[in-house]
Amino acid sequence: FTAELFGGYFIRNAMALGAHVGYSRTWFDIDFSLLEDLMDHSEHRKYVSNGFFVRPFLKNYLKVFDSRFIYFFNETTIGVEYSYGISQSDDGEDMDKSRHRTWSIDAGLNPGLCIMVLNRFAFETSVGLLGLSTSIMEVEENGETHSEFVYNIVNFTINLLALDFSLVYFF
């Protein structure tokens, strides 16, 4: 799950400056079997990860057809995220445990649509369109080996199944 708060302040007409702050947690505990007829390989796996992020943003609004109720917007963000976690797998003979720490820095453009529902309430939906992300991950396996990975990702996607929805109050 992910819990996120965001707020902003209008520094000019139709231009807001603010930040997203949040916490995310991923957890699973699963038993699985692979190739039961040939190898009979089964494994029990546990994983938990916690993450914290801060994303300052600049949001620009644009009226649609001189309407007071419908606006397009673009949110430009730069974010920093820190996460840590542990993974454990047990196949009945060997138990492997790994820990990871990750720092991520990302920048992106998020276009969307804002519909004013009441006088000061609005419904917003947005989709991440263009992004750049850099992650540095440190992994420790079984308390012995230590690895470090660096990922650089450029993203240009429109995923209509991963829309962000928000209920916004303007005061």
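This report looks at the two largest pockets and a nonpolar surface patch in a predicted model.

Let's start with the pockets. Here's how they line up:

| Pocket | Volume | Lining residues | Nonpolar | Polar | Charged |
|---|---|---|---|---|---|
| Largest | about 1,000 Å³ | 39 residues | 14 residues | 17 residues | eight residues |
| Second largest | about 680 Å³ | 24 residues | 15 residues | four residues | five residues |

If you want to find the middle of the largest pocket, look for Arg55, Asp106, Asn110, Gly128 and Asp164, the lining residues that sit nearest its centre. In the second largest pocket, that spot goes to Phe10, Ala16, Tyr61, Phe170 and Phe171. Four strands give two or more residues each to the lining of this second largest pocket: S1 (2–12), S3 (41–63), S5 (95–116) and S9. S1 gives the most, with six residues.

Now for the outside. A nonpolar patch of about 1,200 Å² sits on the surface, and its members include Phe69, Ile70, Ile115, Val117 and Leu118, along with Phe121, Phe123, Leu163 and Phe165. Leu167, Tyr169 and Phe171 also belong to the patch. Phe171 turns up twice, then: in the patch and among the residues closest to the centre of the second largest pocket.

Strands S6 (121–126) and S9 (164–169) each bring at least two residues to the patch, and S9 gives the most, with three. S9 also has a hand in lining the second largest pocket. Over in S6 you'll find Phe123, which counts as partly exposed because its relative accessibility is 33%, between the 20% and 50% cut-offs.

Terms used: Residues are numbered from 1 along each chain as its sequence is written. This is a predicted model: local features need pLDDT of at least 70, side-chain atom pairs count only at pLDDT 80 or more; totals for chains, interfaces and linings use all residues. Side-chain values use heavy atoms; hydrogens and water are left out. Patches are made of residues with over 30% relative accessible area and no salt bridge: like charges are joined within 9 Å, nonpolar side chains (Val, Leu, Ile, Met, Phe, Trp, Tyr) within 5 Å. Accessible areas come from the Shrake-Rupley method with a 1.4 Å probe; for residues, only the protein chains shown count as cover. A salt bridge is a side-chain nitrogen of Lys or Arg within 4 Å of a carboxyl oxygen of Asp or Glu. Buried means under 20% relative accessible area, exposed over 50%, partly exposed in between (1.4 Å probe, protein chains only). On a 1 Å grid over the protein atoms alone, a cavity is a set of points where a 1.4 Å probe fits but cannot get out, and a pocket is an open set with protein on both sides within 12 Å along at least five of seven lines; lining residues have an atom within 4 Å of a point. Grid points are joined across faces, edges and corners, and a volume is the space filled by probe spheres set on the points. Ala, Val, Leu, Ile, Met, Phe, Trp, Tyr, Cys and Pro count as nonpolar, Asp, Glu, Lys and Arg as charged, and the others, Gly among them, as polar.
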